[in-house]
Amino acid sequence: MPGNHQNGPLRVAIIGAGPSGFYAAEALLRSQVPVEVTVVERLPSPHGLVRSGVAPDHPKLKQAAIVFERIAQSEGFCFIGNVTVGKAITVQEILTTHHCVILAYGASEDQRIGIPGEDLAGCHAAKEFVGWYNGHPDYGDCHFDLSGETAVIIGQGNVALDVARILSKPVDELRTTDIASHAIEVLAESRIREIHVVGRRGPAQAKFTSPELREFGTIPGCDPVALESDLALNEASQAETSDRMSRTITTNLDILGGYTTRRTELAGKSCHFQFFLAPQAILGTDRVTGVRFARTTLTGPAFGQRAIVTDNEWTLPCQFILRSVGYRGAPIEGVPFDSRRGLLPNDSGRVVHEDGRPVNAVYATGWIKRGPSGIIGTNRADSAATVEALLADVDSLMNGPREGADGLWNLLTDRGVRATTLSDWRRIDAAEIERGKPLGKPRDKIACVNEMLGFCEPANG
Amino acid sequence: MPAIVTDNCNACRFTECVAVCPVECFHADDDMVYVDRDTCIDCCACIPACPVQAIYMEGELPEDKRQWVSINTQKAAELPAITGKHQPLPGAEEKRSVLGY
């Protein structure tokens, strides 16, 4: 049991209201220590990538938000929205009103491939496309030209599958989802007929989850296509498939095997899963006209294979490219940052200096702690681990009383920051649901912060 | 198509699945855990987490394990939800090595 706590409850600020932030709040509020949690979020809307990352046609996954709302109703939970930590207020300032801070702000930057032509018109980060169709305010003004016939998605994870599926599906199947209305207008005019999902390594190394890959066999009017020759495995890949802890690999290979014979040519669209191709250059002068790939071979031990580029090159003409090769975290003022890995250096969730010494009272969880991997639930175990480390430090953290959420709110409003509350979010939420009704959508998202603020209580009351 | 827990869990109950479940859809008795299919959001997080690979998505379930669909439904309805990781059952490691994991 923690010691004698004379200083009232432990007051913890969590920066970021996505899955890792909510699960950290949950773990704290369920602990044996009296705790109050203040979750500070950049947007007036919480839920992070469950709202703006999970694809609109996967509404079941979005039900994770029900759990977040339940956590938000717990005693001791407070939400402060529309506050960018590092700009409106620093981590050090938050530490004057809270005993400690958990940084849970995710990985907002996209990873570049590092090849010529990446900035040509028509080549985008998948992150922007996802944010745009999900109505994230940062991407409300993005423009995507889908007037060409061929799209290439570079990358082989679930984000690549999400964007490929949005381009493959009949737009009428998306209309009744919570997809942003501006995206429906553009997708309805899309002339894309061929979608290529391309990666450097082989089918055994792809990071697809099986139900997502299998879904491509069920999209009306779109044939999934894989090449028999891509599915021949080298010895190390065979060892990977026979590993009993990696059942997904075998399942994915079976699914892709089914796609080698599916081509009907009758469907209007096709989605091609292609492997062993490393992008060398995006081609075009004013805008994208194609991608030049080098064919690769794999070398190295099972589960440690790398793609080695060969002299054998292949050019795929296309007009639209999404790169989906990962995310990177961004630094935050006053906190050490590992710029090579794009995350906060940490030891079991305790943020550390370069020499390994812990930074007093600063913790990390989620993507900014471990890098952009795993799915929603991965963050639950990760945040539980960070909170365990934090609670082990509780005696040294509680070195005097703190004002908590009220103190932080006053600090923010004193300097003119337009912060929002959980009831403001409830108003935005209700407005979106109401707007969605005549459209047959579960909600019609508000993709602009100023418009969201119009539904909130007037500032300073 | 929810996740389905099958026989490998019996007498192990490692509960790594519970730690990564975003929606607390696991229920437990003294022997193993079960998934409440109405709460499961089909995210697949639990599948690679299981040290004895006891969990399948319903659509990927081998033929000889189909009976576990109704067992999960029935047991989840009767049993309390389990919200955090527990100690594995005594003998779990032995069963794991017998199963070859």
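## A walk through two sheets of chain A

Start by selecting I154(A) and R323(A): I154(A) stands opposite R323(A), which sits in β14(A). Keep in mind as you go that this is a predicted model.

**Stop 1: strand β7.** Now widen the selection to residues 150-154 of chain A, which make up strand β7. This strand is mostly covered, with five of its five residues buried. Turn it to see both faces: T150(A), V152(A) and I154(A) lie on one side, A151(A) and I153(A) on the other, and all are buried.

**Stop 2: the neighbours of β7.** Add residues 320-323 of chain A to bring in β14(A), which pairs with β7(A) in the parallel sense over four bridges. Then add residues 194-198 of chain A for β8(A); here too the pairing with β7(A) is parallel, over five bridges. Which residues face each other along this pair? Pick A151(A), and its bridge partner in β8(A) is I195(A). Pick V152(A), and you will find H196(A) of β8(A) opposite.

**Stop 3: the whole six-stranded sheet.** Zoom out and colour the strands of chain A in the order β6-β14-β7-β8-β10-β9. They form an open sheet of six strands with parallel pairing. Where are its edges? Look at β6 (123-125) and β9 (222-226) of chain A, each of which pairs on one side only. If you look across the strands, the twist averages 20° from one to the next. Next, show α7(A), which packs on this sheet and touches β7, β8, β9, β10 (269-274) and β14 of chain A. The direction of α7(A) makes about 175° with that of β8(A).

**Stop 4: a pair of helices.** Keep α7(A), residues 158-168, on screen and add α6(A), residues 126-133. The two helices pack at an angle of about 55°, and their axes are 10 Å apart. That angle is why α6(A) counts as oblique to α7(A). The crossing of α6(A) past α7(A) is left-handed. To see the contact itself, show the side chains of A126(A), F129(A), V130(A) and Y133(A) in α6(A), together with V159(A), A160(A), D162(A), V163(A) and I166(A) in α7(A). Of the residues in this contact, eight are nonpolar, none is polar and one is charged.

**Stop 5: the seven-stranded sheet.** Move on to another open sheet of chain A, with seven strands in the order β3-β2-β1-β4-β18-β17-β16 and mixed pairing. Its edge strands are β3 (77-80) and β16 (346-347) of chain A, each pairing on one side only. At the β16(A) end, select β17(A), residues 350-352: two bridges join these strands, which run antiparallel. Within that pair, the bridge partner of D347(A) is R350(A) in β17(A).

Two helices are worth showing against this sheet. Helix α1 of chain A, residues 19-29, packs on the sheet and touches β1 (10-15), β2 (35-40), β3 and β4 (100-103) of chain A. The direction of α1(A) makes about 170° with that of β2(A). Helix α13 of chain A, residues 378-392, also packs on the sheet, touching β4, β17 and β18 (358-364) of chain A. In this case the direction makes about 150° with that of β18(A).

**Last stop: where the chains meet.** Finally, bring chain B into view. The contact takes 22 residues from chain A and 18 residues from chain B. On the side of chain B that touches chain A, 13 residues are nonpolar, three are polar and two are charged.

Terms used
Residues numbered from 1 in each chain as written. Chains lettered and ligands numbered in written order. Predicted model: local features only at pLDDT ≥ 70, side-chain atom pairs only at ≥ 80, totals over all residues. Buried ≥ 20, exposed ≤ 12 C-beta atoms within 10 Å, placed from the backbone. Pairing = 2+ DSSP bridges. Axes fitted to C-alpha atoms, helices over the stretch in contact; angles between N-to-C directions. Parallel < 35°, antiparallel > 145°, perpendicular 65-115°, else oblique. Left-handed = near helix turned anticlockwise from the far one by under 90°. Contact = placed C-beta atoms within 7 Å. Nonpolar A, V, L, I, M, F, W, Y, C, P; charged D, E, K, R; others polar.
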